[in-house]
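Good morning, and thank you for the opportunity to speak. I would like to take you through one protein chain, going from its aromatic rings to its helices and then to a few single residues.

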Amino acid sequence: MDYKTLAAAALEAMEMSYSPYSHFRVGAALLTKSGKIYKGCNIESAAYSPTNCAERTALFKAVSEGEREFAAIAVAGAPKGGEPQYCYPCGVCRQMLKEFFRDDCEVLVVKTADDYKVHTLGEILPFGFGAENLR
């Protein structure tokens, strides 16, 4: 899987966003170790707290289908009517990625299929708290 394909999938997922309150669309494309891609978008609620981010939507879809090993995730975000910008996962999403990603798994933040930055989970969540801390 090349980064360009994963970045394009995140941009495609962004188009499915349900964001009538923030007007900020986010899409994510999660790559499993087996090469399958699970896409997710942000889904908002008027009550705000039940809102779910794109990264967690993709992760929950994959985990609910039995996936447990992941290689990378790409995230794209844009204000309504605006151009995509580098959009990093929120703290809650970083914590959920920590549950299933190793620290060296890749996180792409995407403007276009050709314009993205690549980080590791360890870089965007330094000193993360995970299952190993509970042992």
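Let us begin with Tyr3, which has a relative accessibility of 29% and therefore counts as partly exposed, since that class lies between the buried and the exposed residues. Please keep in mind throughout that this is a predicted model.

Tyr116 is partly exposed as well, at 27% relative accessibility. How many aromatic pairs does the structure hold? There are 4, and Tyr3 and Tyr116 form one of them, with 5.7 Å from centre to centre. Their ring planes stand at 70° to each other, so the arrangement is edge-to-face, a term used for angles over 60 degrees. Where do the two partners sit in the chain? Tyr3 belongs to helix H1, residues 3–14, while Tyr116 belongs to strand S5, residues 115–120. The pair links distant parts of the chain, as its members are 113 residues apart.

A further aromatic pair is made by Phe70 and Phe100. This pair is also edge-to-face, with 6.2 Å between the ring centres and 90° between the planes. Phe70 is in strand S3, residues 70–79, and Phe100 is in helix H3, residues 91–100, so the pair ties together parts that are 30 residues apart in sequence. Is Phe70 buried or exposed? Its relative accessible area is 1%, which is under the 20% limit, and Phe70 is therefore buried. Phe100, at 23%, counts as partly exposed. Together with Phe101, Phe70 and Phe100 form one aromatic cluster.

Phe100 brings us to the packing of helices. Helix H2, residues 54–64, packs with H3 at an angle of about 25°, and their axes are 9 Å apart. Because angles under 35 degrees count as roughly parallel, H2 and H3 are described in that way. Their crossing is left-handed. Which residues make this contact? From H2 come Glu55, Arg56, Leu59, Phe60 and Val63. From H3 come Val92, Cys93, Met96, Leu97 and Phe100. Phe100 therefore appears both in the aromatic pair with Phe70 and in the contact with H2. By type, the residues of this contact divide into 8 nonpolar and 2 charged, with no polar ones.

Let us stay with H2 for a moment. This helix is mostly covered, with 8 of its 11 residues buried. The buried residues are Ala54, Glu55, Arg56, Thr57, Ala58, Leu59, Ala62 and Val63. What covers them? The covering elements include strand S1 (24–32), strand S2 (37–41), S3 and H3.

One residue of H2 deserves separate attention, namely Ala58. Its relative accessibility is 0%, so Ala58 counts as buried. Setting aside neighbours within four places in sequence, Ala58 is in contact with Ala28, Leu30, Tyr38, Lys39 and Gly40. Ala58 and Ala29 are 29 residues apart in sequence, yet their C-alpha atoms are 6.7 Å apart in space.

I turn now to the backbone. Just after H2, Gly66 takes a positive phi of about 95°. Which residues other than glycine have a positive phi? Two examples will serve us here. Tyr48 has a phi near 60° and lies in the loop between S2 and H2. With a relative accessible area of 55%, Tyr48 is over the 50% limit and therefore exposed.

The other example is Phe127, whose phi is also positive and near 60°. Phe127 lies in the segment after helix H4, which spans 121–124. Its relative accessible area is 84%, so Phe127 counts as exposed. The C-alpha atoms of Phe127 and Gly82 are separated by 34 Å, with the two positions 45 residues apart along the chain counted as their separation.

To review with two contrasting residues: Ala58 of helix H2 is buried at 0% relative accessibility, whereas Phe127 is exposed at 84%. I would encourage you to find both of them in the structure. Thank you for your attention.

Methods:
Residues are numbered from 1 along each chain as its sequence is written. This is a predicted model: local features need pLDDT of at least 70, side-chain atom pairs count only at pLDDT 80 or more; totals for chains, interfaces and linings use all residues. Side-chain values use heavy atoms; hydrogens and water are left out. Rings of Phe, Tyr and Trp (its six-membered ring) pair if their centres lie within 6.5 Å; planes under 30 degrees apart count as stacked, over 60 as edge-to-face and the rest as tilted. Helices (H or I, at least four residues) and strands (E, at least two) are DSSP runs, numbered from the N terminus. Buried means under 20% relative accessible area, exposed over 50%, partly exposed in between (1.4 Å probe, protein chains only). Axes are lines fitted to C-alpha atoms, for helices over the stretch in contact, and angles run from 0 to 180 degrees between N-to-C directions. Angles under 35 degrees count as roughly parallel, over 145 as roughly antiparallel, 65 to 115 as roughly perpendicular and the rest as oblique. A crossing is left-handed if the near helix is turned anticlockwise from the far one by less than a right angle, and right-handed if clockwise. Contact means heavy atoms within 4.5 Å. Ala, Val, Leu, Ile, Met, Phe, Trp, Tyr, Cys and Pro count as nonpolar, Asp, Glu, Lys and Arg as charged, and the others, Gly among them, as polar.
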